[in-house]
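Grab a pencil and open the viewer. Below are some exercises to work through, each with a solution that goes step by step.

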Amino acid sequence: MKKFLMSAMALTAVLIVPNAAMAADSAAADRAAAIRTCRAEIAAQAGLTVEDVRLDQARVRGTTVRVDLDVWRGSQLQNVRCDATRGEEPTIIAISPTIQTASAQ
């Protein structure tokens with residue numbers, strides 16, 4: 001019985017560990033794609049360069065990625081939140097505050 005239990009645990013570990021690693025790789029890729037998309041969109045709408053839009057943090061959720069960015073306008077900082085779908089080509093769901101509020105002046 002003890003050998004059977006150990007064999008079952010070893011088999012379970014072999015099957016679960018690769019799936020967890022693939023899920024982590026997928027989440028990291030989705031996170032990176034969402035960051036690129038959000039930075040580019042906010043920079044374009046605000047009339048800034050991508051370097052003026054800096055990553056604060058990003059969180060991967062079930063079907064979305066929430067990206068918090070710092071928009072620098074001269075010496076002033078504006079925090080902007082961007083929600084995007086997960087996937088190879090993320091789609092922006094929402095940007096808050098609206099770009100008119102965060103735009104360069």
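**Exercise 1.** Which side chain meets R81 in a salt bridge, and what is the N to O distance?

*Solution.* One note before we start: this is a predicted model, so keep that in mind throughout.

Step 1. Find R81, which sits in strand β3. Its partner in the salt bridge is D68, at 2.8 Å from N to O. The two belong to distant parts of the chain: R81 is in strand β3 and D68 is in strand β2, 13 residues apart.

Step 2. Check how open each end is. Buried means under 20% relative accessible area. D68 has 8%, so it is buried. R81 has 32%, and that makes R81 partly exposed.

Step 3. Look at the wider group. R59, D68 and R81 are linked in a network of salt bridges.

Step 4. Now list what R81 touches, skipping residues up to four places away in sequence. You should get R59, R66, V67, D68, A94, I95 and S96.

Step 5. Finally, try a distance between C-alpha atoms. Those of R81 and I42 are separated by 9.8 Å, and these two residues are 39 places apart along the chain.

**Exercise 2.** Find the salt bridge of R66. Which residue is its partner, and how far apart are the closest N and O atoms?

*Solution.* Step 1. R66 pairs with D83, and the closest N and O atoms are 2.8 Å apart. R66 lies in strand β2 and D83 in strand β3, so this salt bridge ties together parts that are 17 residues apart in sequence.

Step 2. Is D83 buried or exposed? Its relative accessibility is 16%, and D83 counts as buried.

Step 3. Collect the neighbours of D83, leaving aside those within four places in sequence. They are V65, R66, T91, I92, I93 and A94. So R66 turns up again here, because it is among the residues in contact with D83.

**Exercise 3.** How many salt bridges are there in total, and which residue does R86 pair with?

*Solution.* Step 1. The count comes to 4 salt bridges.

Step 2. One of them joins R86 to D30, with the closest N and O atoms 2.8 Å apart. This pair links distant parts of the chain: R86 is in the loop between β3 and β4, D30 is in helix α1, and their positions lie 56 residues apart in the count along the chain.

Step 3. Compare the two ends. R86 is partly exposed at 27% relative accessibility, whereas D30 is buried at 10%.

**Exercise 4.** Which residue does a disulfide join to C38?

*Solution.* Step 1. Count first: there is 1 disulfide. It joins C38 to C82, with 2.1 Å from S to S.

Step 2. Look along the S-S bond. The angle about it is -65°, and the link is left-handed.

Step 3. Place the two ends. C38 is in helix α1 (residues 2–46) and C82 is in strand β3 (residues 76–85), so the disulfide ties together parts that are 44 residues apart in sequence.

Step 4. Check the accessibility. C38 is buried, with a relative accessible area of 0%, and for C82 the value is 0% too, so C82 is buried.

**Exercise 5.** How many residues does the largest nonpolar core have, and which element gives the most to it?

*Solution.* Step 1. The core has 18 residues. Those with the most contacts inside it are C38, I42, V53, V67, L69, V71 and I95.

Step 2. Ask where the core residues come from. α1, β1, β2 and β3 each supply at least two of them. The biggest share comes from α1, with 6 residues.

Step 3. Here's the general background: in soluble globular proteins, nonpolar side chains tend to be buried together.

**Exercise 6.** In which sense do β1 and β2 pair, and over how many bridges?

*Solution.* Step 1. They pair in the antiparallel sense, over 7 bridges.

Step 2. Pick out one bridge: the partner of R54 is D70, in β2.

Step 3. Follow the chain from β1 to β2. A hairpin joins them through 3 residues.

Notes. Residues numbered from 1 in each chain as written. Predicted model: local features only at pLDDT ≥ 70, side-chain atom pairs only at ≥ 80, totals over all residues. Heavy atoms only, no water. Disulfide = S-S within 2.5 Å. Helix = DSSP H or I, 4+ residues; strand = E, 2+ residues; numbered from the N terminus. Buried < 20%, exposed > 50% of the residue type's maximum accessible area, 1.4 Å probe, protein only. Contact = heavy atoms within 4.5 Å. Core = buried A, V, L, I, M, F, W, Y, C linked by side-chain atoms within 4.5 Å. Pairing = 2+ DSSP bridges.
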